[in-house]
Amino acid sequence: MLDTKTMVDNLIDIAAYLPVTIKLTIGALLIAIPFSILFAAAEIKRIPVITRLVRLYLSIIKGTPVLLQMFMIYALIPFWLNTFFTSTGKNINIYDIDPIWYGYIAISLSATAFLTEAVRSSILSVDKGQKEAGYMVGLSKWQVYKEIILPQALTVALPIFGNVIVDVIKSTSLAFTMSVTEVMGRAKIIGGMTTRYLEMYIDAFFVYVIFIFFVEIMIKYIEKSVTRYKSAR
Amino acid sequence: MLEIKNVKKSFRDLEVLKDVSLDIGDGEVVVILGPSGSGKTTLLRCISFLEKADGGSLTLGDKEVSLKKATKKQINEFRKNMAFVFQNYNLFANKTVLENVMEGLTVARKIPKQEAMERALEALEWVGVINKKDAYPSELSGGQQQRVGIARAVVLNPEVILFDEPTSALDPELVGEVLDLIKKVAKRGITMIVVTHEISFAEEVASRVVFMDGGVVVEEGTPDKILVSPKEERTKEFLSRVLPKDMYYI
């Protein structure tokens with residue numbers, strides 16, 4: 001039956017890889033946030049070619065499995081880099097590159113897509129009368145965005161951001177397929193060593209449940225402090 | 001002092017304004033009446049640049065601007081002398097009542113915070129919602145929100161205030177108090193253009209009534225002339241629909 005001793009013994013070992021999961025999450029978000037703001041702006045402003053490209057990106061990324069995206073990143077980028085380095089005569093071994101970088105890029109692809117949607121829809125959710133009122137008291141376009149639209153959009157976007165963050169955390173578990181050892185990867189490795197896969201998966205399960213629980217509390221707290229004006233009445 | 005010339009505006013194939021001109025003197029209160037779809041609101045939105053007209057010009061004081069080709073700089077310049085009171089109030093949802101009234105002073109006109117606050121408080125006192133200064137718009141009734149909307153306009157000391165159906169979204173029992181407040185604004189001598197369906201308000205406050213239909217000014221004149229003895233058939237027909245019969249068959 002369940003080998004609880006192995007399970008308990010290795011829990012800490014698996015939890016010790018939580019920092020890698022967090023690093024992947026934060027790294028991916030740091031790439032995704034600026035891009036999603038730019039992409040959302042491009043969508044809202046309807047810039048001829050660029051908007052088309054952004055939409056194409058969104059439909060490709062949302063229409064393919066994250067796992068497949070990861071495999072492709074992990075196969076394509078080293079290949080491109082290698083070609084690039086050889087052609088420019090630089091002597092860099094691509095196998096020296098920490099695979100976590102591929103993890104950042106692969107995970108940020110889908111995070112960017114989902115955040116773009118969040119940013120776009122939250123900005124569009126602000127009533128256009130707010131903008132007009134801003135103009136009529138003499139605010140410039142930039143002031144209208146800074147003072148009126150973005151603060152309101154943020155309160156709409158935060159719950160969606162929260163969901164995206166949780167999704168990103170979960171998708172980091174796929175990074176072990178790119179030889180990045182994070183919580184899931186570690187569980188699989190110890191499982192292989194001890195042949196106690198189920199126990200290790202249960203350990204990983206608890207690590208994720210507890211971690212995401214804390215993340216959600218944090219998000220709720222931030223949401224509350226930002227949205228004070230909507231909770232009125 | 002406010003001259004609206006040959007304003008034209010179409011939305012796709014629909015011609016909403018067909019060459020509308022109005023000449024408005026200092027301190028005049030012009031009430032625009034007309035059935036829905038007559039272009040009243042579009043006219044206000046065109047002269048405040050919220051909608052880009054297809055043609056026409058606006059003169060305010062000694063400055064003239066094309067409503068079609070105005071640059072951002074010109075628009076800002078003209079808007080500095082204008083304020084707008086919206087049908088749906090459009091108070092800034094993320095700002096308190098006081099901040100709503102201060103916004104145009106501190107952010108747009110760079111007036112020091114202390115002075116802006118004094119002026120805003122004075123305006124809120126004047127419209128009678130000073131006790132709500134720290135509330136957010138969502139905590140106010142429609143009537144209170146529109147009072148704040150009026151305070152936000154008045155505090156800017158504009159030459160013209162445009163009112164776009166300021167009482168249409170209000171509960172019937174709140175219409176009276178807001179109309180009273182608008183009358184109070186009129187007494188300050190600010191030039192006003194008011195689009196409304198409140199005929200009795202027009203009768204009482206307007207220095208001139210403009211009747212619009214189908215994108216043109218059908219007839220204009222003193223309230224007596226337009227409301228009591230209109231010449232045009234379309235005006236008569238409109239009034240017979242909105243007025244109790246004994247009111248204009250005097």
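Start with both chains shown together: about 2,100 Å² is buried between chain A and chain B, and carbon and sulfur atoms give 57% of that area. Keep in mind as you look around that this is a predicted model.

Next, select the residues that meet at this interface. You should pick up 21 residues of chain A in contact with 26 residues of chain B. Among these chains' links across the interface, the rule finds two salt bridges. To see a salt bridge, zoom in on Arg45(B) and Glu132(A), whose closest N and O atoms are 2.6 Å apart.

Now colour the helices of chain A. Helix H6 (128-136) and helix H7 (141-171) each supply at least two residues of the side that touches chain B. H6(A) gives the most to that side, with eight residues. Colour the touching side of chain A by residue type, and it divides into nine nonpolar, six polar and six charged residues.

Time to go inside. In soluble globular proteins, nonpolar side chains tend to be buried together. Here, the largest nonpolar core has 104 residues. Select Leu58(B) and Ile150(B), the residues with the most contacts inside this core. Then show helix H6 of chain B, residues 172-187, which gives the most to the core, with eight residues.

Stay with Leu58(B) and display what surrounds it. Leaving aside neighbours within four places in sequence, its contacts include Leu2(B), Ile4(B), Phe49(B), Val65(B), Phe78(B) and Met82(B). Charged names turn up too, including Glu3(B) and Lys63(B).

For a last stop, select Ala28(A), Phe39(A), Ile73(A) and Val164(A): they belong to a second, separate core of 26 residues.

Conventions. Residues are numbered from 1 along each chain as its sequence is written. Chains are lettered from A and ligands numbered from 1 in the order in which they are written. This is a predicted model: local features need pLDDT of at least 70, side-chain atom pairs count only at pLDDT 80 or more; totals for chains, interfaces and linings use all residues. Side-chain values use heavy atoms; hydrogens and water are left out. Contact means heavy atoms within 4.5 Å. Buried area is the accessible area (1.4 Å probe) that two parts lose on being put together, summed over both. A salt bridge is a side-chain nitrogen of Lys or Arg within 4 Å of a carboxyl oxygen of Asp or Glu. Helices (H or I, at least four residues) and strands (E, at least two) are DSSP runs, numbered from the N terminus. A nonpolar core is a set of buried Ala, Val, Leu, Ile, Met, Phe, Trp, Tyr and Cys residues joined through side-chain atoms within 4.5 Å. Buried means under 20% relative accessible area, exposed over 50%, partly exposed in between (1.4 Å probe, protein chains only).
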